[in-house]
Amino acid sequence: MKKLSAILRNKEIMNRLLFTVMILLVFRIGAQITVPGVTLGEELSGYLSENNALSLMNLLGGGTLQTFSIFALGVSPYITAQIIIQLLSTDVLPALSELKRQGQYGRRKIELATRYLTLMIGAVQAYGIIQTMMNNEYISFEAGSYEWLTYIYVVVIMLAGSLLVMWLGDQISSKGIGNGISMIIFAGIVASLPTQISQAFATWVLSSQGTGSELAGIFQFVLYILAYLAIIAFVTFIELSKRKIPVQHSGKSGGQTQSMARASFLPIKINSAGVIPVIFASSILMVPSVIVAFVDPGASDAQWLGIFNTSTLYEMPWFNGGSWYMPWGLIIYIVLTVLFTFFYSNLQINPQQLAENFQKNGSYIPGIRPGNETERYVRKVLNRVTVIGAAALAFIASLPSILTMSGIFGSNTSLALGGTGMIIVVGVALELNNQIDGLLAGKSFDEVVAGGGR
């Protein structure tokens with residue numbers, strides 16, 4: 001209550017919060033406007049409730065794909081473009097690596113390149129989505145003379161919507177609170193939580209009325225809520241957990257107190273990569289269906305594409321006309337998530353660059369020689385910590401698929417717990433809390449200065 005009171009009394013925080021809410025309101029209104037000329041099929045909602053690549057896009061877009069709105073692409077093309085540019089900046093393309101070292105000017109150029117790449121990726125994704133949904137009759141176009149013109153029209157509308165969402169995110173980052181892109185994703189996911197809880201209540205409590213199993217239904221619902229809270233606690237624990245490597249600074253140690261020495265450390269988070277590996281793994285799983293949509297549109301519902309569906313068991317032939325089943329999509333998803341977690345963690349915390357910076361600044365890890373030995377030590381610690389982070393991330397991300405295939409929720413797969421959405425919600429909430437604490441601390445400092453230190 002004390003913190004809430006401080007927030008309400010802080011004019012800057014309240015103005016930022018109000019601005020953020022207004023931008024999110026604009027986004028939610030746009031999310032309900034279906035692209036003109038497109039008719040939605042009855043089965044679209046059910047298809048996007050399954051755990052497939054398009055369901056992740058729907059999640060990241062805040063449910064915009066479910067209504068095939070003007071914001072249907074959401075921020076997915078921008079996130080994918082960011083990841084690709086970051087990968088290419090790691091000495092793959094020397095020009096990008098050089099721009100990365102040029103400070104503010106280089107960052108502006110890299111951001112411009114990211115925007116151009118977003119347009120290209122967005123156009124490809126939009127066509128792939130349209131073709132996939134058209135072939136499965138999830139959407140249809142109004143009858144017209146030139147169908148190819150309709151395709152171009154819808155793709156342009158979706159691209160314009162994606163760019164508008166990016167602009168709204170930039171406004172939140174500069175004038176609101178939190179990271180704009182993250183806040184838009186956060187708002188979309190949180191908006192779906194009441195529906196999920198109400199569906200769980202209807203499934204177990206309301207459906208059991210008058211059947212003599214009311215107590216069992218209430219128990220199942222309470223158990224579901226407790227499981228939900230337990231997973232949130234687990235995700236929060238993983239997001240906050242870190243390995244602290246002690247660091248000392250030459251020339252300063254003589255004047256340091258014991259408490260200051262303890263405060264000097266290098267924190268390495270268990271999950272340094274965040275949710276990026278999950279997003280990138282899902283994007284790769286979507287690539288085959290997009291390629292098929294371009295090469296052979298009529299084969300976009302081919303059976304072999306089921307290999308890349310994370311929530312289905314793929315049937316394979318066996319001896320004597322028999323068959324066996326394997327969750328190939330889920331296996332590929334988990335492997336890609338783990339690999340990208342290791343890769344992106346080493347990208348976020350570059351041991352070689354870290355060792356060089358330590359040497360330049362006169363910092364060192366006690367008992368470890370500067371230079372190559374420091375690099376090897378940091379890399380070893382990072383990889384060991386990332387083993388736990390990758391396992392936790394893969395478990396949370398694949399939990400909805402596992403629960404769906406187990407049949408525990410029957411045909412209502414939207415009740416599945418865990419998943420990318422929960423990781424994003426917890427991560428953004430913690431980031432938001434830290435930023436508010438920082439703004440409150442800044443206000444307190446200003447008050448002390450204004451009061452003459454009294």
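# A tour that starts at F68

Select F68 to begin: its relative accessible area is 0%, so F68 is buried. The model you have open is predicted. F68 sits in the loop that runs between helix 4 and helix 5. Look at the backbone here as well, since F68 is not a glycine and yet has a positive phi of about 45°.

**The loop next to F68**

Now select S69, which belongs to the loop between helix 4 (53-60) and helix 5 (76-88). Is S69 buried or exposed? With 0% relative accessibility, S69 counts as buried. Show the backbone oxygen of A31, and you will find the side chain of S69 reaching that oxygen at 3.5 Å. Leaving aside residues up to four places away in sequence, S69 touches G30, A31, Q32, I33, T34, V35 and T64.

**Helix 5**

Follow the chain into helix 5. Its 13 residues should span 18 Å at 1.5 Å a residue, and the C-alpha atoms at its ends are 18 Å apart, so the two values agree. Colour the buried residues of this helix: S76, P77, Y78, I79, T80, A81, I83, I85 and L87.

Stop at T80, a residue of helix 5. T80 counts as buried because its relative accessibility is 7%, and the cut-off for buried is under 20%. Which backbone oxygen lies 3.0 Å from a polar atom of the T80 side chain? The oxygen belongs to S76. Not counting residues up to four places away in sequence, T80 touches I121, Q125 and S283.

**Helix 2 and helix 8**

Next select residues 11-30, which form helix 2, and find L17 in it. L17 has a relative accessible area of 26%, so it is partly exposed; that class runs from 20% to 50%. Add I7 and I177 to the selection: L17 touches both, with residues up to four places away in sequence left out. Then pick G178. The C-alpha atoms of L17 and G178 are separated by 9.4 Å, although their positions lie 161 residues apart along the chain.

Keep helix 2 visible and add helix 8 (residues 147-175), whose axis comes within 9 Å of the axis of helix 2 and crosses it at roughly 175°. Helix 2 is therefore roughly antiparallel to helix 8. To see where they meet, show R16, F19, T20, I23, L24, V26 and F27 in helix 2 together with V165, L168, Q171, I172, S174 and K175 in helix 8.

**Helix 9**

Move on to residues 180-204, which are helix 9. This helix has 25 residues and reaches 37 Å from its first C-alpha to its last, close to the 36 Å expected at 1.5 Å a residue. At the N-terminal end, N179 acts as a cap: one of its side-chain oxygens lies 3.2 Å from the backbone nitrogen of I181. Among the buried residues of helix 9 are G180, I181, I184, I185, Q196, A200 and W204.

**The cores**

I184 and I185 lead to the next stop. Both are among the residues with the most contacts inside the largest nonpolar core, along with Y333, I424 and I436. This core has 60 residues. Which helix gives the most to it? Select residues 420-450: this is helix 16, and its contribution is ten residues.

Another core, of 26 residues, lies apart from the largest one, and here you return to F68, which is among its members with I139, V154 and M286.

Centre the view on Y333. Beyond residues up to four places away in sequence, Y333 touches V278, A281, S282, L285, T310, A397, S398 and T420.

**Helix 13**

Select L336 in helix 13 (residues 328-348). Its relative accessible area is 17%, so L336 is buried. L336 touches A281 and I284, again leaving out residues up to four places away in sequence. S282 is worth showing here too: its C-alpha atom and that of L336 are separated by 8.7 Å, and the two residues are 54 residues apart along the chain.

**The whole chain**

Finally, zoom out. The chain has 16 helices and eight strands. Of its 454 residues, 43% count as buried. Among contacts with a separation of 6 or more, 71% join residues 24 or more positions apart.

Note on methods. Residues numbered from 1 in each chain as written. Predicted model: local features only at pLDDT ≥ 70, side-chain atom pairs only at ≥ 80, totals over all residues. Heavy atoms only, no water. Core = buried A, V, L, I, M, F, W, Y, C linked by side-chain atoms within 4.5 Å. Buried < 20%, exposed > 50% of the residue type's maximum accessible area, 1.4 Å probe, protein only. Helix = DSSP H or I, 4+ residues; strand = E, 2+ residues; numbered from the N terminus. Contact = heavy atoms within 4.5 Å. Expected span 1.5 Å × (residues − 1). Polar contact = N/O pair within 3.5 Å; in protein donor to acceptor, adjacent residues only side chain to side chain. Axes fitted to C-alpha atoms, helices over the stretch in contact; angles between N-to-C directions. Parallel < 35°, antiparallel > 145°, perpendicular 65-115°, else oblique.
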